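Student: I'm new to this one. Could you take me slowly through a single part, the charged pairs, and start from the beginning of the chain?

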Amino acid sequence: MEFREYINRWKKLADNLEKQLVNKMHQDLPQFEEYIREQLYSGLDGNERPLTPGYMDDPYFDSFKNPKKAAEDYKNWKTKIQRPKPSYLGFSARNNNTPNLIIRGDFYSSITAIPISDGIRIETLGVSFGSDIEKKYGSQIFKISDKAGSHYVEYRLIPKIERMINDLGL
């Protein structure tokens, strides 16, 4: 290959890279939804901070006759049915006091990645209380964490870029 052709192929790669990567993200919407679920199951928001309030500080239990006992009982019940465990993304098992936002599963199944012009947006669709959860725990619950982003780059984007380079004969 002559030098000019080599330059032209690299230019073609550079000119199409952003569009191709955004298209790849749009193809991988379920992967992003899974990342958010995995972060939440680990009791973390997209900033990799524990979800607050924790069970023992949640104002929800203030309406109970014995708020501390109600919170403790709920925390113990949640721990029994959904034991905290480490994540494939590298998150440690959540603290027993840290919520994971799974109650019946419909909130988790409502987490939806939506394609937008420069990437994706995460929100909940199909549950009436999704916005209440977002208000309580903050919009960062729908942010892709650094660990999830790194996982995506390593296992989805780098292979895509390598295929693009190979397809151009570089």
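Tutor: Let's start with Met1, which counts as exposed because its relative accessibility is 57%, above the 50% cut-off for that label. Keep in mind that this is a predicted model. Met1 sits in the segment before helix H1, which covers 3–27. On the surface, Met1 belongs to a nonpolar patch with Phe3, Tyr6, Ile7 and Trp10, and together these residues have about 530 Å² of accessible area.

Now to the charges. Side chains of opposite charge can pair when their charged atoms come close. The count of salt bridges here comes to 8, so let's pick out a few of them, going by the rule of a Lys or Arg side-chain nitrogen within 4 Å of an Asp or Glu carboxyl oxygen.

Helix H1 is a good place to look. Glu5 pairs with Arg9 there, with the closest N and O atoms 2.7 Å apart. The two are 4 residues apart in helix H1, so about one helical turn separates them. Glu5 has 35% relative accessibility, so it counts as partly exposed, and Arg9, at 26%, is partly exposed too.

Further along, Lys11 forms a salt bridge with Asp15, and here the closest N and O atoms are 2.9 Å apart. Again we're in helix H1, with 4 residues, or about one turn, between Lys11 and Asp15. Lys11 is partly exposed at 48%, whereas Asp15 is exposed at 52%.

What about a pair that links distant parts of the chain? Take Lys136 and Asp58, whose side chains meet in a salt bridge at 2.8 Å, N to O. Lys136 is in helix H5 (residues 130–137), while Asp58 is in the loop between helix H2 (29–41) and H3, so the pair spans 78 residues. The two ends also differ in cover: Lys136 is partly exposed at 38% relative accessibility, but Asp58 has just 8% and therefore counts as buried, the cut-off being under 20%.

Salt bridges can be chained together as well: Lys24, Asp28 and Arg156 are linked in a network of them.

For a contrast, have a look at Gln82, in the loop between helix H3 (67–81) and helix H4 (106–110). Gln82 counts as buried because its relative accessibility is 15%. What joins its side chain to that of Asn100 is a polar contact of 3.4 Å. Setting aside neighbours within four places in sequence, Gln82 is in contact with Tyr41, Arg94 and Ile102 as well as Asn100.

How values were computed. Residues are numbered from 1 along each chain as its sequence is written. This is a predicted model: local features need pLDDT of at least 70, side-chain atom pairs count only at pLDDT 80 or more; totals for chains, interfaces and linings use all residues. Side-chain values use heavy atoms; hydrogens and water are left out. Patches are made of residues with over 30% relative accessible area and no salt bridge: like charges are joined within 9 Å, nonpolar side chains (Val, Leu, Ile, Met, Phe, Trp, Tyr) within 5 Å. Accessible areas come from the Shrake-Rupley method with a 1.4 Å probe; for residues, only the protein chains shown count as cover. Buried means under 20% relative accessible area, exposed over 50%, partly exposed in between (1.4 Å probe, protein chains only). A polar contact is a pair of N or O atoms within 3.5 Å; within protein, one must be able to donate a hydrogen and the other to accept it, and residues adjacent in sequence count only if both atoms are side-chain atoms. Contact means heavy atoms within 4.5 Å.
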